[in-house]
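Work through the exercises below with the sequence and the structure open beside you. Try each task before reading its solution.

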Amino acid sequence: QLQLVESGGGLVQPGGSLTLSCATSGFTLDSYNIGWFRQAPGKEREGVSCIRRSSTLPQYAGSVRGRFTISRDNAKNTVYLQMNMLKPEDTAIYYCAATREIYSCGNVEVWGQGALVTVSS
């Protein structure tokens, strides 16, 4: 059974950092692109970042570019999202997702359960 489990969420002050992890199981990670999405209260879910199988040309939403870094360790079946210089508007539930799309993280096949990130003083 394909499964994604996020961890690393929590409460952080503005300007702080957090690293989210997405542990995968039930499939070969290097056959999938992995994306991070988020949903803030009262808003629609939006794409944050996407990393391809080969880890080349990671994609970022404009709102997080330069602050967030996505990476993957296929040997550990884990994808990471390093988040720096966090802002209150980054507060959301963060989801990782897997897709067999070649160039993007659309057409998601599997979603994680989500990890809450709260940025507040």
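**Exercise 1: A turn residue**

Asn-77 counts as partly exposed because its relative accessibility is 30%. The model used here is a predicted one.

Task: Find where Asn-77 is placed and what is notable about its phi.

Solution.
Step 1. Locate the residue: Asn-77 is in the loop between strand 7 and strand 8.
Step 2. Look at the elements on either side. Strand 7 and strand 8 form a hairpin, with four residues between them.
Step 3. Read the backbone angle. The phi of Asn-77 is near 55°, which is positive, and the residue is not a glycine.
Step 4. Compare with the general rule: most residues other than glycine have a negative phi.

**Exercise 2: The two faces of strand 7**

Task: Sort the side chains of strand 7 (residues 68-73) into buried and not buried.

Solution.
Step 1. Recall the general pattern: in a regular strand the side chains alternate between the two faces of the sheet.
Step 2. Take one face. Phe-68, Ile-70 and Arg-72 point to it and are buried.
Step 3. Take the other face. Thr-69, Ser-71 and Asp-73 point there and are not buried.

**Exercise 3: The sheet around strand 8**

Task: Work out the strand order of the open sheet and name its edge strands.

Solution.
Step 1. Start with strand 7 and strand 8 (residues 78-83), which pair in the antiparallel sense over six bridges. In this pairing, Met-83 in strand 8 is the bridge partner of Phe-68.
Step 2. Go on to strand 3 (residues 18-25). It runs antiparallel to strand 8 and is joined to it by six bridges. Here Leu-18 stands opposite Met-83.
Step 3. Put the strands in order. The open sheet has four strands in the order 1-3-8-7, and the pairing is antiparallel. Strand 1 (3-7) and strand 7 are the edge strands, as each pairs on one side only. On average, neighbouring strands of this sheet are turned by 15° against each other, direction ignored.

**Exercise 4: A buried arginine**

Task: Decide whether Arg-67 is buried or exposed, and find what its side chain meets.

Solution.
Step 1. Place the residue: Arg-67 is in the loop between strand 6 (59-60) and strand 7.
Step 2. Check the accessibility. Arg-67 has a relative accessible area of 7%, so it is buried. The cut-off for this class is under 20%.
Step 3. List contacts, leaving out residues up to four places away in sequence. Arg-67 touches Gln-82, Met-83, Asn-84, Met-85, Leu-86, Lys-87 and Asp-90.
Step 4. Look for a polar partner. A polar atom of the Arg-67 side chain lies 2.9 Å from the backbone oxygen of Met-85.
Step 5. Examine that partner. Met-85 is in the loop between strand 8 and strand 9. Met-85 is not a glycine, yet its phi is positive, about 50°. Its relative accessibility is 48%, so Met-85 counts as partly exposed.

**Exercise 5: An aromatic cluster and a charge**

Task: Describe the pair formed by Tyr-95 and Trp-111, then find which charged end sits over the rings.

Solution.
Step 1. Choose the quantities: a pair of aromatic rings is described by the distance of the centres and the angle of the planes.
Step 2. Apply them. The centres of Tyr-95 and Trp-111 are 6.4 Å apart and the planes are at 90°, an edge-to-face pair. The structure holds three aromatic pairs.
Step 3. Place the partners. Tyr-95 is in strand 9 (residues 92-99) and Trp-111 is in strand 10 (residues 110-111), 16 residues apart.
Step 4. Compare their surroundings. Tyr-95 counts as buried because its relative accessibility is 13%, whereas Trp-111, at 34%, counts as partly exposed.
Step 5. Widen the view: Phe-37, Tyr-95 and Trp-111 form one aromatic cluster.
Step 6. Find the charge. The charged end of Arg-45 sits over the ring of Tyr-95, 5.0 Å from its centre. The charged end of Arg-45 also sits over the ring of Trp-111, 3.7 Å from the centre of that ring.

**Exercise 6: Two residues of strand 5**

Task: Compare the accessibility of Gly-47 and Cys-50.

Solution.
Step 1. Place both: Gly-47 lies in strand 5 (residues 46-51), and so does Cys-50.
Step 2. Read the values. Gly-47 is partly exposed at 42% relative accessibility, while Cys-50 is buried at 4%.

Definitions and conventions
Residues numbered from 1 in each chain as written. Predicted model: local features only at pLDDT ≥ 70, side-chain atom pairs only at ≥ 80, totals over all residues. Heavy atoms only, no water. Phe/Tyr/Trp six-rings, centres within 6.5 Å; stacked < 30°, edge-to-face > 60°. Helix = DSSP H or I, 4+ residues; strand = E, 2+ residues; numbered from the N terminus. Buried < 20%, exposed > 50% of the residue type's maximum accessible area, 1.4 Å probe, protein only. Lys NZ or Arg CZ within 6 Å of the ring centre and 35° of its normal. Pairing = 2+ DSSP bridges. Polar contact = N/O pair within 3.5 Å; in protein donor to acceptor, adjacent residues only side chain to side chain. Contact = heavy atoms within 4.5 Å. Axes fitted to C-alpha atoms, helices over the stretch in contact; angles between N-to-C directions.
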